[in-house]
Amino acid sequence: MPELPEVEVVRAGLEPAVSGATINSVEVFDTRSLRRHDSSRGDFARLLIGRRIAAAARRGKFLWLPLADAAAASALVIHLGMSGQVLLREAGASPDAVARDRHVRIRLGLDHPDHGEFALHFADQRIFGSMALDALVPTPDGAPGGHGFDAPLVPGQVAHIARDPLDPAFSDAAFFDALAHKKTEIKRALLDQTLISGVGNIYADEALWAARVHYAQPTATLGAGRARTLLAEIRLVLAKALAEGGTSFDAQYVNVNGTSGYFSHSLNVYGQSGKPCPRCGRTLTRVAFMNRSSHFCTHCQKIRG
DNA sequence: AGCGAGCCCTGCGCGC
DNA sequence: TGCGCGCAGGGCTCGC
């Protein structure tokens, strides 16, 4: 279940391999992985073949590979969804090379001036992820569009996504202001990618536990001090996961070289219901929330006025 | 504006 | 053994 840390591991792994590489071939094995590609822009494969990748960028959970050599700025947008993987493999069109990786939906043949030819496999078991060719549009604040990309541009389908809390251009003040004025609960706000991006169900629960905030605390009554603490804990949780290479539960998440990121042994509350709270020792609770689960400690995390 | 419901999907683990 | 069901959930649309 890739969240910001896992996606960043993928971006960082892709960056040296794909920057400067030319796309020589595109094979789409399952068009459902192109759900977010607007076909009125043109055929996905035809738009990509012959283009050169300039960089590997990320904002929140969205990845994009900006393309050079074009009249209009565009990018290959990648979202991993629940189970997406980007795998770098040796060149060669043999069916075995594809079959070795399960659930390969799209395969790109790339040629790098220094490293030669290789293949990029987009594998995705549950097909919640996608690839798309999209136009780049200016960022409203004029700051770089995302991590790994200096230009003040962002793919159109990512433009509504807020900056993530590790982005130097993320505005703490604007985030706090939004919390103070919204009529919603804090976990909903954390999962709302238009307020703050990159945080999913796992790290939301972890950060809320670390900050001792109840998932249903109204954002308007959270208070400035606790909001600051929560944002700091979000950054800590994300940075810690990033340092450890991302979280994985069932090897769905695999980094660009195919090895599992693994951080789940470090989780304090997510998936730990029934076990003792690492802080107070009382039993951790799991409740249904927003069509998913919230894990928390009823003693450490109370709704406060 | 906010939120619930539903949809997109596959595979795993469970109970019977 | 094998079937059916619940569950996992990011992002989006629809309707109240």
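This section describes how the protein meets two DNA strands and how three of its helices pack against helix α7 in a predicted model.

The surroundings of DNA strand B are considered first. The residues around this strand are Arg32, Arg35, His103, Gln125, Arg126, Phe128, Lys182, Lys183, Thr184 and Arg188. Classed by side chain, the protein surface near DNA strand B comprises 6 charged, 3 polar and 1 nonpolar residues. On the side of the nucleic acid, sugar or phosphate supplies 77% of the strand B atoms within 4 Å of the protein, and bases supply the rest. Individual polar contacts involve several of the surrounding residues. The side chain of Arg188 places a polar atom 2.8 Å from a phosphate oxygen of DNA strand B. His103 also faces a phosphate oxygen of DNA strand B, with a polar side-chain atom at 3.5 Å. For Arg35, the partner is a sugar or linking oxygen of DNA strand B, which lies 3.0 Å from an N or O atom of the side chain.

DNA strand C is surrounded by 14 residues, of which Arg36, His79, Phe128, Tyr270 and Arg286 are the closest. Of the atoms of DNA strand C that come within 4 Å of the protein, 62% belong to sugar and phosphate. The protein surface near DNA strand C is made up of 5 charged, 5 polar and 4 nonpolar residues. Phe128 is listed among the residues around DNA strand B and among the closest residues to DNA strand C. Phosphate oxygens of DNA strand C are approached by several side chains. In the case of Arg36, an N or O atom of the side chain is 2.6 Å from such an oxygen. An N or O atom in the side chain of His160 is 3.1 Å from a phosphate oxygen of DNA strand C. A polar side-chain atom of Ser293 is likewise 3.1 Å from a phosphate oxygen of this strand.

Attention now turns to helix packing, beginning with helix α1. Helix α1 spans residues 4–18, and its axis comes within 8 Å of that of α7, crossing at roughly 40°. The two helices are therefore oblique to each other, and their crossing is right-handed. In this contact, Leu4, Pro5, Glu8 and Val9 of α1 meet Leu238, Ala241 and Leu242 of α7. The contact of α1 with α7 holds 6 nonpolar residues and 1 charged residue, with no polar residues.

Helix α4 (residues 172–181) packs against helix α7 (residues 224–244) at an angle of about 125°, and the two axes are 11 Å apart. This angle makes α4 oblique to α7. The crossing of α4 and α7 is right-handed. The residues of α4 in this contact are Asp172, Phe175, Phe176 and Leu179, which meet Ala227, Arg228, Leu231 and Arg235 of α7. By class, 5 nonpolar and 3 charged residues form the contact of α4 with α7, and no polar residue takes part.

Helix α6 covers residues 201–210, and its axis comes within 8 Å of the axis of α7, with a crossing angle of roughly 130°. That angle makes α6 oblique to α7. The crossing of α6 and α7 is right-handed. From α6, the contact draws on Tyr203, Glu206, Ala207, Leu208 and Ala210, while α7 contributes Leu230, Glu233, Ile234, Val237, Leu238 and Ala241. The contact of α6 with α7 consists of 9 nonpolar and 2 charged residues and lacks polar ones. Leu238 and Ala241 of α7 appear in the contact with α6 and also in that with α1.

Methods. Residues numbered from 1 in each chain as written. Chains lettered and ligands numbered in written order. Predicted model: local features only at pLDDT ≥ 70, side-chain atom pairs only at ≥ 80, totals over all residues. Heavy atoms only, no water. Near = heavy atom within 4 Å. Polar contact = N/O pair within 3.5 Å; in protein donor to acceptor, adjacent residues only side chain to side chain. Nonpolar A, V, L, I, M, F, W, Y, C, P; charged D, E, K, R; others polar. Axes fitted to C-alpha atoms, helices over the stretch in contact; angles between N-to-C directions. Helix = DSSP H or I, 4+ residues; strand = E, 2+ residues; numbered from the N terminus. Parallel < 35°, antiparallel > 145°, perpendicular 65-115°, else oblique. Left-handed = near helix turned anticlockwise from the far one by under 90°. Contact = heavy atoms within 4.5 Å.
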